[in-house]
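Hi,

Here's the structure I said I'd pass on. Have a look at it first, then read my notes below.

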Amino acid sequence: MAPAAPAGLASVAVAVAVAVLAAAASAAVTYDRKAVVVNGQRRILMSGSIHYPRSVPEMWPDLIQKAKDGGLDVVQTYVFWNGHEPSRRQYYFEGRYDLVHFIKLVKQAGLYVHLRIGPYVCAEWNFGGFPVWLKYVPGISLRTDNEPFKAEMQNFTTKIVDMMKSEGLFEWQGGPIILSQIENEFGPLEWDQGEPAKAYASWAANMAVALNTSVPWVMCKEDDAPDPIINTCNGFYCDWFSPNKPHKPTMWTEAWTSWYTGFGIPVPHRPVEDLAYGVAKFIQKGGSFVNYYMYHGGTNFGRTAGGPFIATSYDYDAPIDEYGELNTFYFGKRHALYSLHQPPLM
């Protein structure tokens with residue numbers, strides 16, 4: 001048996017442990033009715049979607065730096081289940097799917113991350129991000145109150161959360177992840193499915209919270225998202241939107257910069273002035289989180305494009321075009337104004 005530590009050393013060890021726990025608590029990400037609160041400070045957060053598999057790793061540092069130069073605080077990305085688990089329990093996190101490397105690059109740039117785990121992501125991505133093998137699990141029915149599906153969804157979500165924790169990537173660990181998302185635009189499906197869909201949405205929310213990420217979870221387009229989940233808006237305009245409880249902040253997870261490109265239709269375009277006006281109206285109304293979908297759209301490599309007639313280009317008329325070149329310089333000055341006037345706005 002090891003000899004007992006001297007009383008003085010023991011008291012120092014206890015004091016250090018208490019200090020570490022206090023620091024972790026103070027670094028926790030929370031929210032109130034006004035905003036997401038990071039390190040005890042309300043923030044107006046400007047975010048942009050950059051999907052790591054829609055570009056190559058050599059592009060990532062430049063894309064992230066251009067996002068920062070454009071005045072963003074946060075990089076948002078989905079997590080693509082079919083890329084990471086192409087065969088059941090056979091995982092892949094390399095090349096364009098090196099999620100950990102991508103998030104660490106965001107941290108190096110001094111930005112935060114909003115991780116949309118889903119694991120259903122839609123995103124004009126093949127099978128909405130679901131791996132094809134999921135269809136052949138006995139007795140499965142997707143995105144409803146179905147035990148085989150919930151078991152697979154929980155397994156993958158837990159896999160991602162545990163990986164983020166082991167790499168120290170949540171904000172309370174010193175990492176950049178300040179927000180997570182479970183499911184994706186599921187609310188409209190409840191109108192069709194009724195009670196089984198509502199039961200599934202409630203289960204998904206509770207499952208996510210039980211993973212103890214110590215950062216807030218959101219559900220976009222989910223009007224009945226239960227506490228403590230924040231329901232958020234997606235759309236071309238969201239100044240009409242209010243969260244389902246008065247103690248939740250007003251968040252816009254997808255401010256659509258335009259639309260995806262399809263074969264046989266005109267290439268979509270949205271005037272940047274219109275987008276900027278929509279964002280200004282949202283913040284004037286009390287919004288405190290805006291994410292541009294997309295900030296860099298990139299490319300649907302191989303056979304990743306989902307849905308009928310969706311092109312390989314996912315340019316989305318975004319501020320950074322498919323090839324990594326700046327498409328507009330307009331946002332940086334406006335974002336600087338929001339940052340400058342953050343205290344009175346909050």
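Aromatic pairs first: this predicted model has 26 of them. Take Tyr 92 and Tyr 97: their ring centres are 6.2 Å apart and their planes sit at 65°, so the pair is edge-to-face, because anything over 60 degrees falls in that class. As for accessibility, Tyr 92 is partly exposed, at 35% relative accessible area, whereas Tyr 97 comes out at 11% and is buried.

Tyrosine rings also turn up with arginines over them. Arg 54 lies over the face of Tyr 314, 3.6 Å from the ring centre. Over the face of Tyr 237 you'll find Arg 270, and there the distance to the ring centre is 4.9 Å.

The other spot I'd point you to is Asn 184. Where is Asn 184 placed? Look in the loop that runs between strand 7 (177–182) and helix 6 (187–193). And is Asn 184 buried or exposed? With a relative accessibility of 2%, Asn 184 counts as buried, because the limit for that is under 20%.

As for what surrounds Asn 184, its side chain makes a polar contact with the side chain of Tyr 78, at 3.0 Å. Leaving aside residues up to four places away in sequence, Asn 184 touches Tyr 78, Tyr 120, Val 121, two cysteines (Cys 122 and Cys 220), Arg 116, Arg 143 and Glu 254. So if you centre your view on Asn 184, Tyr 78 shows up both as a touching residue and as a polar partner through its side chain.

Cheers

Conventions: Residues are numbered from 1 along each chain as its sequence is written. This is a predicted model: local features need pLDDT of at least 70, side-chain atom pairs count only at pLDDT 80 or more; totals for chains, interfaces and linings use all residues. Side-chain values use heavy atoms; hydrogens and water are left out. Rings of Phe, Tyr and Trp (its six-membered ring) pair if their centres lie within 6.5 Å; planes under 30 degrees apart count as stacked, over 60 as edge-to-face and the rest as tilted. Buried means under 20% relative accessible area, exposed over 50%, partly exposed in between (1.4 Å probe, protein chains only). A charge sits over a ring if NZ of Lys or CZ of Arg is within 6 Å of the ring centre and within 35 degrees of the ring normal. Helices (H or I, at least four residues) and strands (E, at least two) are DSSP runs, numbered from the N terminus. A polar contact is a pair of N or O atoms within 3.5 Å; within protein, one must be able to donate a hydrogen and the other to accept it, and residues adjacent in sequence count only if both atoms are side-chain atoms. Contact means heavy atoms within 4.5 Å.
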